[in-house]
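Visitor: I'm new here, so could you walk me through this one? I'll ask as we go.

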Amino acid sequence: MLNDLSSLIAATARWLTVSYPSSGGALASALCEAQARQAVTVAAWLRYPTEIDAALVTMAGPGGADRLDWITGAEQRGTLCAEDWAWRTWVDEVVASWAAGLLTDPELAGLAVDALAEGEHPSAGPAEFRRLVDPDDGDRRAAALLRHPDLLAPVADLHHEQLLDRLGQGRALAA
């Protein structure tokens, strides 16, 4: 299906967990990945709220991780084999930025989950995105780097204003 955002969501969540890995074993990695995937899913559904939006980004491609790698200091393109580099072309910079903002601000994450009702994607409430909107201590420990506001600031700040505008939280426009 052209409106399937699963490749974009998987690649962007993977970029976040590779860039901000968990600090623990297999359970911590799984919890970190779940939080990244929930944040990226919410961000992607907000960014591409209609089937047409999703189909267009699927056809055109989201742009890749080059700028994000440069911002985080992980410029790796020349050192990666084709298989390791290929998934990175499906990373969406805006979605990664929005997801980073959601991971570092639970109130904003709650507003974002509530805003999903306006789109055409399957509606899911706070229970579906519990690890994002109401992480417990285990979630926080597992994703300490992924939820650290100072570490994620360079990525979250890239498109923060757009996220606020999308959620109706931006500055009011002058008439």
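Visitor: Which residues does L16 touch, leaving out those up to four places away in sequence?
Guide: This is a predicted model, where local features need pLDDT of at least 70, side-chain atom pairs count only at pLDDT 80 or more, and totals for chains, interfaces and linings use all residues. Residues are numbered from 1 along each chain as its sequence is written, and side-chain values use heavy atoms, with hydrogens and water left out. A contact here means heavy atoms within 4.5 Å. On that basis, L16 touches A36, V40, A96, A99, L103 and L146.

Visitor: Which helix supplies the largest share of the largest nonpolar core?
Guide: A nonpolar core is a set of buried Ala, Val, Leu, Ile, Met, Phe, Trp, Tyr and Cys residues joined through side-chain atoms within 4.5 Å; helices are DSSP runs (H or I, at least four residues), numbered from the N terminus. This core has 49 residues, and L16 is among those touching the most other members, as are W15, V42, L46, L102 and L132. Several helices supply at least two residues each, including α1 (6-19), α3 (51-60) and α6 (93-104). The largest share, nine residues, comes from α2.

Visitor: Is W15 buried or exposed?
Guide: Buried means under 20% relative accessible area, exposed means over 50%, and partly exposed is in between (1.4 Å probe, protein chains only). W15 has 0% relative accessibility, so W15 counts as buried.

Visitor: How many aromatic pairs does the structure hold?
Guide: Rings of Phe, Tyr and Trp (its six-membered ring) pair if their centres lie within 6.5 Å; planes under 30 degrees apart are stacked, over 60 edge-to-face, and the rest tilted. W15 and Y20 make an edge-to-face pair, 6.3 Å centre to centre with 75° between the planes. W45 and F129 are also edge-to-face, at 6.2 Å and 85°. That's the full set: two.

Visitor: How many residues apart in sequence are the parts that the W45 and F129 pair ties together?
Guide: F129 is buried at 3% relative accessibility, and W45 is buried at 16%. W45 lies in helix α2 (residues 26-47), while F129 is in the loop between α7 (106-115) and α8 (130-133), so the pair ties together parts whose separation in sequence is 84 residues.

Visitor: Which helices do the buried residues of α7 pack against?
Guide: Those buried residues are L108, A109, G110, A112, V113 and A115. They pack against α2, α6, α8 and α11.
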